[in-house]
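Let's take a walk through this structure together. Here it is, ready to be turned around as you read.

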There are 2 protein chains.
Amino acid sequence: MAGEIVVPGFRWGGLEAGIRKRPGRPDLALLIADEPAVAAAVFTQSDMAAAPVQLSRPVAATGRARAVLMNAGCANACTGEAGFEAARRMAASLQQAAGIAPTEVLTASTGVIGALLPAEKIEARIADLVAAARPEGIRDFSLAIMTTDTREKVASKQGTVGGKTVTVAGVCKGAGMIMPNMATMLACVATDASIEAAPLSALLRSAVWPSFNAVTVDGDTSTNDTLYLLASGKAANEKITSERDAAYGELLALVREVCIELAKKIAADGEGATKFVEVSVEEARDENEADVIARRIANSPLVKTAWHAADANWGRIMAAAGTCGFSLDPSKVSIEVSGVPLVRGGVGLGAAAEDAATEKMKGPAFVVTVKLSRGAAQRSVFTCDYSADYVKINAEYRT
Amino acid sequence: MAGEIVVPGFRWGGLEAGIRKRPGRPDLALLIADEPAVAAAVFTQSDMAAAPVQLSRPVAATGRARAVLMNAGCANACTGEAGFEAARRMAASLQQAAGIAPTEVLTASTGVIGALLPAEKIEARIADLVAAARPEGIRDFSLAIMTTDTREKVASKQGTVGGKTVTVAGVCKGAGMIMPNMATMLACVATDASIEAAPLSALLRSAVWPSFNAVTVDGDTSTNDTLYLLASGKAANEKITSERDAAYGELLALVREVCIELAKKIAADGEGATKFVEVSVEEARDENEADVIARRIANSPLVKTAWHAADANWGRIMAAAGTCGFSLDPSKVSIEVSGVPLVRGGVGLGAAAEDAATEKMKGPAFVVTVKLSRGAAQRSVFTCDYSADYVKINAEYRT
């Protein structure tokens, strides 16, 4: 699928600039638009937002960009004034190499927090990177932003928008420190649709909620979460100018599909993960209630370790749901695992039910459905199990 | 220390009743008062409160009790009507064995959620347990309530209250599913002080906040958290009738000390823990802000795994603090590890500082201090690191 994805109007590239502690992997990624593209962005809500996030916010606010430049190996977060200056140099590096002003460059960084970005390493390789960028280069981009990811994450869809064939393709990274709060990990999505900046921004926000904002690996929110969406207009559909245009809904559906596919790839590739789990809380009073409960379950270390052992320990799910402050009535709660009923009226259905659920949980992916019998709202969250490897990966991350 | 602790007016006991899945360990514990004692209690805030919690709430509300009966091996939570009936039989078992009415018995259970309590096993052994109870039996009690605990947890203090020597002794259990929310894990504290029910209840609530409510192992709150405090009056101090009595403050100090010691034992014995960590958030605007930030840091899997590796990865601490919604200014944050400065003005102090902090972190206990420079409030939370054993213990808990 990552083979020959091309989004008209864009070139992608990646190469090794030596930013990572250990050599041998690409760590600098570039998306470049042939002509200025319409752009939208969502950033981390962390108070400790990294320098590239602070630098890119006003760029994204203009609704227009020529390039996205990302690096792995250094988050350039909590680096003070020096870090901000390094991020500035990163953005400015495309001025000479490609004639792109810093005010048209969106940047993002990922890696260890607290380490200063070596801007000179980017400056030394930026011309090569511009030369290497090509329409079919999306996989090069994806490889260059991976950290503890074990697989590159690329997704694309084609569909009809305003009567024209439109392509949406995206790439993301993320395996740990992942519970985006109104934002996401590093992700970059491009489309050839023609759309104005205001509806593109609205569209991105709508697409984020059921996708990247539904992912949680460990309940930690990064200082660097960033999602960019660029539109080249090359599909030549009648320009979308409002959320009320029929074509807006068509494009939103495509972008949402790509984002959900990318988000699921992040959950499935969670650090140390052996299982992808969707937690669906249903019959809640409102979506916020469903979201809080789904996240509490998905982030409970006790629930996640039980999943790891394919243990249908529904008591831990009940316990997690019961501490969210919504005064749930346990006698109304039911739980299913991939369609197998496990709890009815707050009480377990016995050993045979647990055995059947365990069979489902032995697979690489399953759905935990919690029904509250008190409303009509629903929310799905994407997560994974907790293995001893999670601890190993994170205890040894810097050593 | 657990050797010859005696609280005048009380006898303690423990024996094996066969409630645990695997035989060979005691699982039924009894505290019996020679005469009706004044009693206070704090329970879990979970919506899914276990049957013994539901049953004991009205008993505790009377301010008086003759016995505390606890079991390990079965939480009797999420067990519906049948579970409530089993808890009722548990409390009633002391009627024939010791002439104590069910309305004077406080109960608590710990173990797997969703399994029904085998009340007949308690009924079969209760007479033996009453006979075995003795003034020096506090360790028997403590052994009988352990689950994944690796060590029994007993603490005691003596001091002067209203001019008389008063003893306070307590026992608790808890290693996982531990982040009490206005309540605690299973704990039972006894004193020979003379005090009325209303000030005893107030005193218990004051003692819980800096002790059991400051503990977090994994951010999960149990369905069964219970703390009982019984007072026999045998010390013959002038009866404390109000929070304004001078003796009230003296007794509070003793009880608080015992509770803090017990709470620290729980954190130090967290499932898979290799290090005890106190997280102290200082210079916060108010205590709630300090509490939320301290808990967020203490519950972050990324922070906890870094502690496990003695990695002074302060970026993860900054990241955790930055997502609590308090709009912190990173440039005002400083971090120390057991007195070693690691971060000033939101920026790391370099490799030498990290090396010095790592040395402190290699020990079995250290303090992480986060100063916010925006107020005078402080909050300490007690926690531990995250090891691969935590996952192992919890993945295999029921298997």
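## Cys188(B) and its surroundings

In this predicted model, strand β7 of chain B, spanning residues 186–191, is where you will find Cys188(B). Is that residue buried or exposed? Its relative accessibility is 0%, so Cys188(B) counts as buried.

Setting aside residues up to four places away in sequence, Cys188(B) touches Trp12(B), Leu31(B), Val68(B), Met70(B), Phe141(B), Ala169(B), Gly170(B), Val171(B) and Tyr228(B). For a sense of distance within the chain, look across to Asn313(B): 125 residues separate Asn313(B) from Cys188(B) along the chain, and their C-alpha atoms are 38 Å apart.

## An open sheet in chain B

Now turn to the open sheet of chain B, in which 6 strands follow the order β12-β11-β10-β13-β9-β14 with mixed pairing. The edges are held by β12 (347–348) and β14 (377–384) of chain B; each has a single partner strand, so one side of each is left without a neighbour in the sheet.

Further in, β9 (residues 276–284) and β13 (residues 365–371) of chain B run parallel and are paired over 7 bridges. Within this pair, Val279(B) of chain B faces Val368(B) in β13(B). Helix α9 of chain B, residues 314–321, packs on the sheet and touches β10 (334–337), β11 (340–344), β12 and β13 of chain B. The direction of α9 makes about 130 degrees with that of β10(B).

## The nonpolar core

Nonpolar side chains tend to be buried together in soluble globular proteins. Here the largest nonpolar core has 42 residues, and those with the most contacts inside it are Ile297(B), Trp307(B), Ile335(B) and Val370(B). Which element gives the most to this core? That is α9(B), with 6 residues.

Ile297(B) is a good residue to centre your view on. Leaving out neighbours within four places in sequence, Ile297(B) is in contact with Val279(B), Val303(B), Trp307(B), Ile317(B), Ala320(B), Ala321(B) and Val370(B).

## How the two chains are related

Finally, step back to see both chains. A turn of 180 degrees, with a shift of 0.0 Å along the axis, lays chain A on chain B with an RMSD of 0.0 Å. That is the relation of a two-fold axis. In chain A, the C-alpha nearest the axis belongs to Ala388(A), 2.3 Å from it. Both copies use the same surface, as 98% of the contact residues of chain A recur in chain B.

Terms used. Residues are numbered from 1 along each chain as its sequence is written. Chains are lettered from A and ligands numbered from 1 in the order in which they are written. This is a predicted model: local features need pLDDT of at least 70, side-chain atom pairs count only at pLDDT 80 or more; totals for chains, interfaces and linings use all residues. Side-chain values use heavy atoms; hydrogens and water are left out. Copies are superposed by least squares on the C-alpha atoms of residues with pLDDT of at least 70 in both. Contact means heavy atoms within 4.5 Å. Two strands pair if DSSP finds at least two bridges between them. Helices (H or I, at least four residues) and strands (E, at least two) are DSSP runs, numbered from the N terminus. Axes are lines fitted to C-alpha atoms, for helices over the stretch in contact, and angles run from 0 to 180 degrees between N-to-C directions. A nonpolar core is a set of buried Ala, Val, Leu, Ile, Met, Phe, Trp, Tyr and Cys residues joined through side-chain atoms within 4.5 Å. Buried means under 20% relative accessible area, exposed over 50%, partly exposed in between (1.4 Å probe, protein chains only).
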